[in-house]
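User: Hi there! Could you walk me through the aromatic residues in this model?

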Amino acid sequence: VGVDISNGRIEVARQRTGNNEQIELHLSDINDFPQDRRFDLVSCFGNWNGFPGLSLMREFATQDALFLCGINYWRQDPHGEYETHFGIDESELVFKTLSQQIDSFYDLGFEVLYMYTSTQQELDLYQSYIWKARSYKTPLDSREAKLRYVNWIREYHGWSAWILRRRSF
């Protein structure tokens, strides 16, 4: 079962899955999705503010379910430089360092079973795919955006994937 708020993402998923009757895809805000179904594996990726989503993920999980989530993190503390450069307070992004993520998981009642962090090369490749896709569609693929990535985002942002389960102790 896949749920996404983006019609474009649902259409891509439909194209990739074909007419497989075992796969359900729903265009919906997860907050509006019926919460009467339970799953043995619940996942959430692509959510910049992942921690509020974990509480909601729990609503769809069986007692022994595994939770798979992908969350951005601070590779290093931006020390107010984000606010100075971008005009936003870094705390508004709800990013955490890896150690803060682990503390948050345990505070929310989860146990960490596995952690993966993307390499710098993987992040660069992902960003390059975005640049390539945008260059064919929009003038937003600017020099400034690329410099912002290289000078700021690349240095401070990381991406992590986690397998969790409810703590039983």
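User: Great, let's start in the middle: are W131 and Y149 buried or exposed?

Analyst: Happy to help! This is a predicted model, where local features need pLDDT of at least 70, side-chain atom pairs count only at pLDDT 80 or more, and totals for chains, interfaces and linings use all residues. Residues are numbered from 1 along each chain as its sequence is written, and side-chain values use heavy atoms, with hydrogens and water left out. Buried means under 20% relative accessible area, exposed over 50%, and partly exposed in between (1.4 Å probe, protein chains only). By that rule, W131 and Y149 are both buried.

User: Which charged residue sits over the ring of W131?

Analyst: A charge sits over a ring if NZ of Lys or CZ of Arg is within 6 Å of the ring centre and within 35 degrees of the ring normal. Here the charged end lies 5.5 Å from the centre of the W131 ring, and it belongs to K146.

User: How many aromatic pairs are there?

Analyst: Rings of Phe, Tyr and Trp (its six-membered ring) pair if their centres lie within 6.5 Å; planes under 30 degrees apart are stacked, over 60 edge-to-face, and the rest tilted. Counted this way, the aromatic pairs number five.

User: What is the angle between the planes of F105 and W162?

Analyst: F105 is buried, at a relative accessible area of 0%, and W162 is buried with a relative accessible area of 0%. Their rings form an aromatic pair, 4.8 Å centre to centre. The pair is edge-to-face, with the planes at 65 degrees.
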